[in-house]
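Here are some friendly notes to read alongside the model. They are set out as numbered points, so feel free to take them one at a time.

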Amino acid sequence: MPIVAQSTETTDWVSRFADEVIEESERRAPGKPVVVASGLSPSGPIHLGNLREVMTPHLVADEIRRRGHQVRHLISWDDYDRYRKVPAGVPGVDETWAEHIGKPLTSVPAPKGSPHPNWAEHFKAAMTESLAELGVEFDGISQTAQYTSGVYREQILHAMKHRGDIDAILAQYRTKKAPAKKQQQKPVDEAELEAAEGSGAAAEDDGSSGSAGYFPYKPYCGNCEKDLTTVTSYDDDSTELTYSCTSCGFSETVRLNEFNRGKLVWKVDWPMRWAYEGVIFEPSGVDHSSPGSSFQVGGQIVGIFDGKQPIGPMYAFVGISGMAKMSSSKGGVPTPADALKIMEPQLLRWLYARRRPNQSFKVAFDQEIQRLYDEWDRLEAKVADGSALPADVAAHSRAVRTASGELPRTPRPLPYRTLASVADITAGHEDQALRILSDLDPANPLTSLDEARPRYDKAEAWINTHVPADQRTIVRDEPDTQLLKSLDEQARESLRLLLDGLADNWSLDGLTHLVYGVPKVQAGFSADATPKELPPEIKTAQRSFFALLYQLLVSRDTGPRLPTLLLAVGQERVRHLLGA
């Protein structure tokens, strides 16, 4: 028993962080809602690595809500960040977008054909829709709105007044970097998706350093809107600031206590927000473990704003498998929307909930998704019969419901691999799909495909978008007479035994028993004999029998599970193709 308790304690990371966050919140801000935070930059498609930035605090916030506490999950949309580069593979975008590099993301046009007013809103919209499907409740904060409306004016003036202190902190970490070694780029399906440092700040300078000294503030140019500016003078008393633009040559003098067209540099902006919002919990990527990272430096700078650094677990990368097969990606990285096309929200939530933040994991777009679904269905069965371990029960609960209620689910969750096989074989013919699925369990037939949705739709989408054409299943129209004529008597007998048992075993379980049983009977054993009662050569005979059936039905050595394939083909056609 002690072993199970220890395992549960180390695995249920959500509860442990919730305990810590509640305690810290009561110490810092008693009686106020607990504040957890995420930061997302809509500089391009927001991928599954970025999703960990959201799911980690979401799961903790949801646990806190379940315990009856008020909690706010803030998502700061870093849409006032500079546009750094033109991302590859984005439909409706060409090289002309390079002219906008340096502008705020909300000042860059959306991709051609987009209904959204600008670049940032285009990518925010897709993520917002995915988060709604995942049951993530949050308060969204547009940093464009915050900065341009003057919300942070006092914080900006304070940072400028204490620029010497900020510069001294940053100076501790400024070192000359050795030239980066050229690394061979990994294929997309081998790459790890890491969440950028909030605003993609790894590539951002830490302030405006010119002949006038260091300044933690970057104006956007009043002429070209770009941030390629340098502050040339600043007066603390009058707040008069003069800057020049190295892009277009424009310069002007403004009063910073009235000016709303610029922002604090990232390594100052992030800790300023911790203090302003009273953030108790915010995770960060493993890149923050290095000296001089935004999280580490922010822990010192936040004191300048009379704030404290949040509890901030570092999280590991999210890997993917099978992305190279995506017909729609064109080399891009997969987003939550891509994953939700092929899997139910519960499964995606579970992938993030069951692993501690410092553990990496993979989101499957290849055949591995079938194994993941099998594992999920086994967990569901164990939870239902009370045999699941406490930590697994907790992860399951966080996957299927939030404090607000249960997520919509498939009424009849048939095995994903079965649904995928049926979708593959029927190629969009819903009447045929319903016929096959109804035969799976004749005693309790499916009456409508809606009973198997949305899981059926997800499996069908996976077949259509992630399974190469040469791996799709095409049932023969006519018997392979040449192969049938070449069979020896033993092979002919195996086909006779199968055909004789078809009518009496026409269900998923019945056909499973039949196809595995034929080689047993031929070898003189009972069809009910267990593997322990059989010699090893029976497995070899079964594999040979299966390969023969696949060749006669689909002209390949492998294919969908044979019981499902037989149901899909139908009794009459099976008899025809097997030379009855």
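1. Not counting residues up to four places away in sequence, which residues does glutamine 70 touch? With that exclusion, glutamine 70 touches Pro33 and Val34. Please keep in mind throughout that this is a predicted model.

2. A little more on that residue. Glutamine 70 sits in the loop between helix H3 (48-66) and S2. With a relative accessible area of 59%, glutamine 70 is exposed. If you would like a long-range reference pair, take glutamine 70 and alanine 580: they are 510 residues apart in sequence, and their C-alpha atoms are 69 Å apart in space.

3. Next, the sheet. Its 3 strands form an open sheet in the order S1-S2-S3, with parallel pairing. Strand S1 (34-40) and strand S3 (139-142) stand at the edges with a single partner strand each, so one side of each has no neighbour in the sheet. From one strand to the next, the twist averages 25°.

4. You may want to look at the pairing of S2 and S3 in detail. Strand S2 (residues 71-77) runs parallel to S3 and is joined to it by 4 bridges. Serine 76, for instance, has isoleucine 141 in S3 as its bridge partner. Helix H4 (residues 119-133) lies across S1, S2 and S3, and runs at about 155° to S2.

5. A salt bridge also links these two strands. Aspartate 139 forms a salt bridge with arginine 72, and their closest N and O atoms are 3.0 Å apart. Aspartate 139 belongs to strand S3 and arginine 72 to strand S2, so this pair links distant parts of the chain, 67 residues apart. Aspartate 139 is partly exposed, with a relative accessible area of 32%, and arginine 72 is partly exposed, with a relative accessible area of 32%.

6. Turning to salt bridges more broadly, a search of the whole structure finds 37 of them. One of these lies within helix H3: aspartate 62 pairs with arginine 66, with the closest N and O atoms 2.9 Å apart. Because they are 4 residues apart in helix H3, about one helical turn separates aspartate 62 from arginine 66. Aspartate 62 counts as buried at 4% relative accessibility, whereas arginine 66, at 31%, counts as partly exposed.

7. Is the pair of glutamate 63 and arginine 398 buried or exposed? Glutamate 63 is buried, with a relative accessible area of 12%, and arginine 398 counts as buried at 5% relative accessibility. The two form a salt bridge whose closest N and O atoms are 2.8 Å apart. Glutamate 63 lies in helix H3 and arginine 398 in helix H13, so this pair ties together parts that are 335 residues apart in sequence. Both residues also belong to a network of salt bridges that links Asp12, Asp19, Glu63, Arg67 and Arg398.

8. Finally, helix H13 has a packing partner. Helix H12 (residues 368-385) packs with helix H13 (residues 390-400) at an angle of about 110°, and their axes are 10 Å apart. That angle makes H12 roughly perpendicular to H13. On the H12 side, the contact is made by Trp376, Leu379, Glu380 and Val383; on the H13 side, by Asp392, Val393, His396, Ala399 and Val400. By class, this contact has 6 nonpolar, 1 polar and 2 charged residues.

Key
Residues are numbered from 1 along each chain as its sequence is written. This is a predicted model: local features need pLDDT of at least 70, side-chain atom pairs count only at pLDDT 80 or more; totals for chains, interfaces and linings use all residues. Side-chain values use heavy atoms; hydrogens and water are left out. Axes are lines fitted to C-alpha atoms, for helices over the stretch in contact, and angles run from 0 to 180 degrees between N-to-C directions. Angles under 35 degrees count as roughly parallel, over 145 as roughly antiparallel, 65 to 115 as roughly perpendicular and the rest as oblique. Contact means heavy atoms within 4.5 Å. Ala, Val, Leu, Ile, Met, Phe, Trp, Tyr, Cys and Pro count as nonpolar, Asp, Glu, Lys and Arg as charged, and the others, Gly among them, as polar. Two strands pair if DSSP finds at least two bridges between them. Buried means under 20% relative accessible area, exposed over 50%, partly exposed in between (1.4 Å probe, protein chains only). A salt bridge is a side-chain nitrogen of Lys or Arg within 4 Å of a carboxyl oxygen of Asp or Glu.
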